[in-house]
Amino acid sequence: MIALLQRVLSARVEVTEQTVGEIGRGLLVLLAVEPADTPADVAGCIDRLLRYRVFADAEGRMNLSLLDAGGALLLVPQFTLAADTRKGLRPSFSTAAPPQLGESLFALAVELARRQLGVERVATGLFGAHMLVSLTNDGPVTFWLQNPVRRGSA
């Protein structure tokens, strides 16, 4: 799985002019599923996202996780993160999971996040939809995470 994690003051996802997910302070995570990903990979990714220390402590250091800081999580399915862009002028999506696998593992990610944070602290985008994502990045703080790290990955 690939996750692009952004610390935000607020974030929102709209589909056909309707807000489908919205949070205040917390993390906006664009999440891509790769073909070899398993439910165990999803569990590891969500655990890592919730515990990744990107919020400032009393001394201004990034020592607090989303669990520590008490913020919200907006998960957005984003298959284009898994694109192969190593050559040419057009991305190849053969490195992204097929839609059925992607949708099922994204749903599992949402379920696992809601178990740990509570339903009220987890919002989502809509799998397979054309989404408009807006955010106020706090910092800016943005990290690209891959879980698990596969052989040959950078």
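**Entry 1: helix 3**

I began with what packs against helix 3: its buried residues are covered by strand 3, helix 1, helix 2, strand 6 and strand 7, among others. I am working from a predicted model, so I keep that in mind throughout.

I then listed the buried residues themselves, and they are G102, L105, F106, A109, V110, L112, A113 and L117. Looking down the axis of helix 3, I found these buried residues within an arc of 165°, so they line one face of the helix. The spacing made sense to me once I recalled that an α-helix has 3.6 residues a turn, so residues three or four places apart point the same way. On the other side of helix 3, I noted Q100 and R115 as exposed.

I checked the length too. Helix 3 has 19 residues, and its first and last C-alpha atoms lie 26 Å apart, close to the 27 Å expected at 1.5 Å a residue. Just after helix 3 comes G118, where I read a positive phi of about 100°.

**Entry 2: helix 1**

Next I turned to helix 1, residues 39-51, and asked how its span compares with what its 13 residues should give. The end C-alpha atoms are 18 Å apart, which agrees with the 18 Å expected at 1.5 Å a residue.

Which residues of helix 1 are buried? I found D41, V42, C45, I46, L49 and L50. They cover an arc of only 160° around the axis, which puts them on the same side of helix 1. Their cover includes strand 1 (2-15), strand 3, helix 2 (66-69), strand 6, helix 3 and strand 8 (132-146).

**Entry 3: T124**

I looked up T124 and found it in strand 7, which runs over residues 122-124. Is T124 buried or exposed? Its relative accessibility is 16%, and buried means under 20%, so T124 counts as buried. Leaving out residues up to four places away in sequence, I saw T124 touch V20, G21, L74, L75, F106, V110 and R114. Two of these, F106 and V110, are also on my list of buried residues of helix 3.

**Entry 4: the second largest pocket**

I went on to the second largest pocket, which holds about 340 Å³ of space. It has 21 lining residues, and P77, Q78, F79, F127 and G128 are the closest to its centre. Strand 3 (26-32), strand 6 (72-77) and helix 3 (99-117) each supply at least two residues of the lining. Helix 3 gives the most, with three residues.

How many of the lining residues are nonpolar, polar or charged? I noted 16 nonpolar, five polar and no charged.

I followed up on G128, which sits in the loop between strand 7 and strand 8. At 75% relative accessibility, G128 counts as exposed. G128 and E103 are 25 residues apart in sequence, with their C-alpha atoms 8.2 Å apart in space.

**Entry 5: backbone details**

I finished with the backbone. Where do T16 and E17 lie? T16 is in the loop between strand 1 and strand 2 (18-23), and E17 is in that loop as well. T16 has a positive phi of about 45° although it is not a glycine. E17, also a residue other than glycine, has a positive phi near 65°. I read T16 as exposed at 69% relative accessibility, and E17 as exposed at 75%.

My last note is on P140, which belongs to strand 8. The peptide bond leading from G139 to P140 is cis, with omega near 0°.

Methods. Residues are numbered from 1 along each chain as its sequence is written. This is a predicted model: local features need pLDDT of at least 70, side-chain atom pairs count only at pLDDT 80 or more; totals for chains, interfaces and linings use all residues. Side-chain values use heavy atoms; hydrogens and water are left out. On a 1 Å grid over the protein atoms alone, a cavity is a set of points where a 1.4 Å probe fits but cannot get out, and a pocket is an open set with protein on both sides within 12 Å along at least five of seven lines; lining residues have an atom within 4 Å of a point. Grid points are joined across faces, edges and corners, and a volume is the space filled by probe spheres set on the points. Helices (H or I, at least four residues) and strands (E, at least two) are DSSP runs, numbered from the N terminus. Ala, Val, Leu, Ile, Met, Phe, Trp, Tyr, Cys and Pro count as nonpolar, Asp, Glu, Lys and Arg as charged, and the others, Gly among them, as polar. Buried means under 20% relative accessible area, exposed over 50%, partly exposed in between (1.4 Å probe, protein chains only). Contact means heavy atoms within 4.5 Å. The expected span of a helix is 1.5 Å times one less than its number of residues. The arc is that of the directions from the helix axis to the C-beta atoms.
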